[in-house]
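The following note sets out points on burial, charge pairing and internal space for a colleague's consideration. The structure is shown first, and the numbered points follow.

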Amino acid sequence: MGFPITRHRRLRGTAGIRGMVRETILNTLDFIQPIFVTYGAGVKSEISSMPGVYHFSLDTLKAEVDEIAVLGIPAVLLFGIPETKDAVGSSAFAEDGIVQEATRLIKKWYPELLVVADTCLCEFTDHGHCGMVHTHTVDGVVHGDVINDASLDLLTRTAVSQAQAGADIIAPSNMMDGFVHAIRAGLDENGFEHVPIMSYSVKYASAFYGPFREAADSAPQFGNRKTYQMDPANLREAIREADSDVLEGADMLMVKPALAYLDVIRTIRDQFDLPLVAYNVSGEYSMVKAAALQGWIDEQAVVLEMLTGMKRAGADIIITYFAKDAARWLRR
């Protein structure tokens, strides 16, 4: 062979060498496990479109939290399904709301386990949108507009109530303009200046959310969320969204979804120096689960490769329904 001879394979020859030169290391400390809490008693109900993911009532929640804690996963992300819904999502900011009650229990059981509270109204409103709406009917069809500024007060009240219940991190996912500023001001005014905001800064109007809407009972009753969530075709807009959140006081940024948006994760990583979260969303989870149940893929290998790709793209933290499985696999 002619000179120069570059033999890249020298660093691939054994598992030991591959491990020594590995550039991206996936760790259980990278993960946040979502949990769906609901009203009632004795509820542990599998979500049909998300095999292995369940609704838990408060009295069945501890076994799930025990497992998460034993596995060394450092944080959970709470979503709540209330018993009653109304036009303004009042259950979202009630002192005895389902997320607030779950937060108190988890912090009692495991004070060091981080509770991240999703701050949105879609699970709590009877119309399924992420803020207040003005509706009108045309030819018998209901149309509605989400009212941005009036929604900020309700979202701020929700964030404050979650912090009062003991949430360690507030994670607003509503995509209203100015939501980080409003929530930061509300938290600070109520003595929670120490509570960080993990902002859903770059949240696309994605088809990958389908299974979540069953899990959270949050499908819009009319229209869609394209007027406030981002167009999947846009990248430069993601920089503008993240920049606004940084200026408004966000402590962490997020890109959601993750798998089809690795370029966005890399762009935000390169542009901003805050911790970056990737949300491995329900549709991404369900596709892998469906293929694995058919025997078409090696689930463990695919999941770990997928999560590694998200971290390689620049994510510091990964919200994933695979957190428990991945933690077990990484122990081996």
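1. D251 has a relative accessible area of 31% and is therefore partly exposed. The model under review is a predicted one, and the values in this note are to be read accordingly.

2. D251 takes part in a salt bridge with the side chain of R184, at 3.6 Å from N to O. R184 belongs to helix α5 (residues 179-189), while D251 sits in the loop between α7 (236-248) and β10 (252-256), so the pair ties together parts that are 67 residues apart in sequence. R184 counts as buried, because its relative accessibility is 12% and the limit for that class is under 20%. The two partners therefore fall into separate classes: R184 is buried, whereas D251 is partly exposed.

3. A network formed by salt bridges that share partners joins E64, E67, K289, E299, K324, D325 and R328. In the model as a whole, the count of salt bridges comes to 14.

4. Which parts of the chain does the salt bridge between K311 and D30 tie together? The contact is between side chains, with 2.9 Å from N to O. K311 is located in helix α10 (residues 299-313) and D30 in the loop between α1 and β1 (31-38), so the bridge links parts that are 281 residues apart in sequence. As for accessibility, D30 is buried at 8%, and K311 is partly exposed at 22%. The value for K311 does not fall under the 20% cut-off, which is why K311 is not classed as buried.

5. A salt bridge within one helix is formed by D66 and K62, whose closest N and O atoms are 3.0 Å apart. Both residues lie in helix α2, and their spacing of four residues corresponds to about one turn of the helix. Each partner is partly exposed: D66 has a relative accessible area of 23%, and K62 has one of 35%. As general background, side chains of opposite charge can pair when their charged atoms come close.

6. Is V65, which is also found in helix α2 (residues 61-70), buried or exposed? With a relative accessible area of 0%, V65 is buried. The C-alpha atom of V65 is separated by 20 Å from that of S282, a residue 217 positions away along the chain.

7. On the surface, L11, I17, M20 and V21 make a nonpolar patch of about 390 Å². Of these residues, M20 has its place in helix α1 (residues 15-20). M20 counts as exposed because its relative accessibility is 71%, and the limit for that class is over 50%.

8. How many cavities of 30 Å³ or more does the model contain? The count comes to one. The volume of the largest cavity is about 140 Å³. Its lining comprises 18 residues, and those nearest the centre of the cavity are C122, K203, F212, R225 and K256.

9. The composition of that lining deserves a separate remark. The residues lining the largest cavity divide into nine nonpolar, four polar and five charged. Among the residues nearest the centre, K203, R225 and K256 are of types counted as charged, and C122 and F212 are of types counted as nonpolar.

Terms used: Residues are numbered from 1 along each chain as its sequence is written. This is a predicted model: local features need pLDDT of at least 70, side-chain atom pairs count only at pLDDT 80 or more; totals for chains, interfaces and linings use all residues. Side-chain values use heavy atoms; hydrogens and water are left out. On a 1 Å grid over the protein atoms alone, a cavity is a set of points where a 1.4 Å probe fits but cannot get out, and a pocket is an open set with protein on both sides within 12 Å along at least five of seven lines; lining residues have an atom within 4 Å of a point. Grid points are joined across faces, edges and corners, and a volume is the space filled by probe spheres set on the points. Patches are made of residues with over 30% relative accessible area and no salt bridge: like charges are joined within 9 Å, nonpolar side chains (Val, Leu, Ile, Met, Phe, Trp, Tyr) within 5 Å. Accessible areas come from the Shrake-Rupley method with a 1.4 Å probe; for residues, only the protein chains shown count as cover. A salt bridge is a side-chain nitrogen of Lys or Arg within 4 Å of a carboxyl oxygen of Asp or Glu. Helices (H or I, at least four residues) and strands (E, at least two) are DSSP runs, numbered from the N terminus. Buried means under 20% relative accessible area, exposed over 50%, partly exposed in between (1.4 Å probe, protein chains only).
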